[in-house]
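Please look over the structure below. This report takes up how its chains relate, how they touch, and what lies around one DNA strand.

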Protein chains: 2
Amino acid sequence: MRPPTTQEFVLDELRRLILTGEMAAGAPIRQDALAERLGVSRVPLREALRTLEGEGQVVYRPHRGYQVADLSLDDLLEVYRIRELLETEATHKAVPSLTDEDIDRLVQAEADIEKAALAGDIVGMAAANRQFHFVVLEASGMPRLTRLVRVLWDATDAYRALYYSSSENRERVHREHHAIIAAIRARKTDEVIRLWDEHRDGAVIALRAIVPAHPS
Amino acid sequence: MRPPTTQEFVLDELRRLILTGEMAAGAPIRQDALAERLGVSRVPLREALRTLEGEGQVVYRPHRGYQVADLSLDDLLEVYRIRELLETEATHKAVPSLTDEDIDRLVQAEADIEKAALAGDIVGMAAANRQFHFVVLEASGMPRLTRLVRVLWDATDAYRALYYSSSENRERVHREHHAIIAAIRARKTDEVIRLWDEHRDGAVIALRAIVPAHPS
DNA sequence: TAACCCAGGATTGGATCCAATATCAATTCT
DNA sequence: AGAATTGATATTGGATCCAATCCTGGGTTA
């Protein structure tokens, strides 16, 4: 059940702690306390932190340690702009070659989102939502691009959780996802791209209201 | 002179070893031997490797260790395609707001490239060439995009070194750089973008001949 | 009063040691 | 003979310990 290495276990835990807000944005990370809390030594913790640093989830200064990254509004807008560029490319490549199984996976992922939403399971929703988006990315045949989007995705996970806490937002996401599935079924690539842009824009508008205006 | 932490020193060394080909693409990395060679323990080495893994410079499998990543032709083409998407965006943002000092830096970087080329200093050339390209990226006001391009850049550093070993290629790069500087001076954004695309395409064509066709 | 300085504690960085896993060759069994 | 197994060795993973750096508070001095 638990991953083959302690580092991976720690990495998963840290992602969860950041996603759920248990580790607040901007908070310094005390390695000793955190390691003890997770029941591991500081070595695997430090390696996991270094991975997160590479992804921009935490920031690091030599001899001063790590702290949870917090995104300014500018950061967030940049992340969404870059996602637009990369996801548009991926959609161009992927839509014509999506298989029926891929579409089934989209439908299944959307169902999982709604199920987790009903259960109030934030972590489960984030996971299913990610599934949904990455069906298309992974079908693009561009693994490196997919990986970059994954990192950008992770960077805003904490905010996405907030976004999803509103039932109004959830409703809209479901509508948009269904529209995207329909456009994919019809192989209307440009339409899919347009819908995704709208989907992101909706999130950005909602997030503008949530995100603290200040930088860290 | 030496960085404040051993990890950073090791990181710099590893980048250099990969850039110069002293660590061959695909080669497994024996931590014990490498640590001894660098005169450090395995702890900072492992943290540096983890950073490189996040950048895709090395690949890692649990309990099997790290090996130097080697790019297939497909990988390489993907890297350049993603760079095209991101650099086009950066150029749009940057060109109108580039200052005279920025342009001076471009000229200076180009001069440094030519100087290092004459001295046969591969590492110096790579550094100056990077300077040149990142003047524009950093002026884009998109730090996260800049960081992503930096990673993509690093990923192909080893091949770039090969590319530069041909005097014909060096000539062409100089011509193209000068054309880019001229277009920037004239604030012709679309022209700059076109020239950058040509610049990358030239590299891709040359690299097609160099890169082994096989994946790892 | 405010700036500087200097302990002492807190925290991070690195080295060494031991445990866990993988690799590989020799051996056994079918 | 070939496949599976087992044990020895090499290599990675993690814990503990020590060193280096940073931070904080109290005292000193201009």
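## Symmetry of the two chains

In this predicted model, a turn of 180° lays chain A on chain B with an RMSD of 0.0 Å. The shift along the axis is 0.0 Å. That relation is a two-fold axis.

Both copies use the same surface. Of the contact residues of chain A, 100% recur in chain B.

## The contact between chains A and B

How many residues does the contact take from chain A and from chain B? Chain A gives 21 residues and chain B gives 21 residues. On the side of chain A that touches chain B, three elements give two or more residues: α3 (42–54), α4 (73–94) and α7 (143–155) of chain A. The most come from α4(A), with seven residues.

By class, that side of chain A has nine nonpolar residues, four polar and eight charged.

## Around DNA strand C

DNA strand C is surrounded by 18 residues. The closest are A:Gly65, B:Thr5, B:Thr6, B:Ser41 and B:His63. The surface near the strand has eight polar, six nonpolar and four charged residues.

Which elements supply at least two residues each of the surface near DNA strand C? They are α2 (31–38) of chain A, with α1 (6–19) and α3 (42–55) of chain B. The most come from α3(B), which gives three residues to this surface.

Methods
Residues are numbered from 1 along each chain as its sequence is written. Chains are lettered from A and ligands numbered from 1 in the order in which they are written. This is a predicted model: local features need pLDDT of at least 70, side-chain atom pairs count only at pLDDT 80 or more; totals for chains, interfaces and linings use all residues. A residue is near a molecule or strand if its C-beta atom, placed from the backbone, lies within 6 Å of it. Helices (H or I, at least four residues) and strands (E, at least two) are DSSP runs, numbered from the N terminus. Ala, Val, Leu, Ile, Met, Phe, Trp, Tyr, Cys and Pro count as nonpolar, Asp, Glu, Lys and Arg as charged, and the others, Gly among them, as polar. Two residues are in contact if their C-beta atoms, placed from the backbone, lie within 7 Å. Copies are superposed by least squares on the C-alpha atoms of residues with pLDDT of at least 70 in both.
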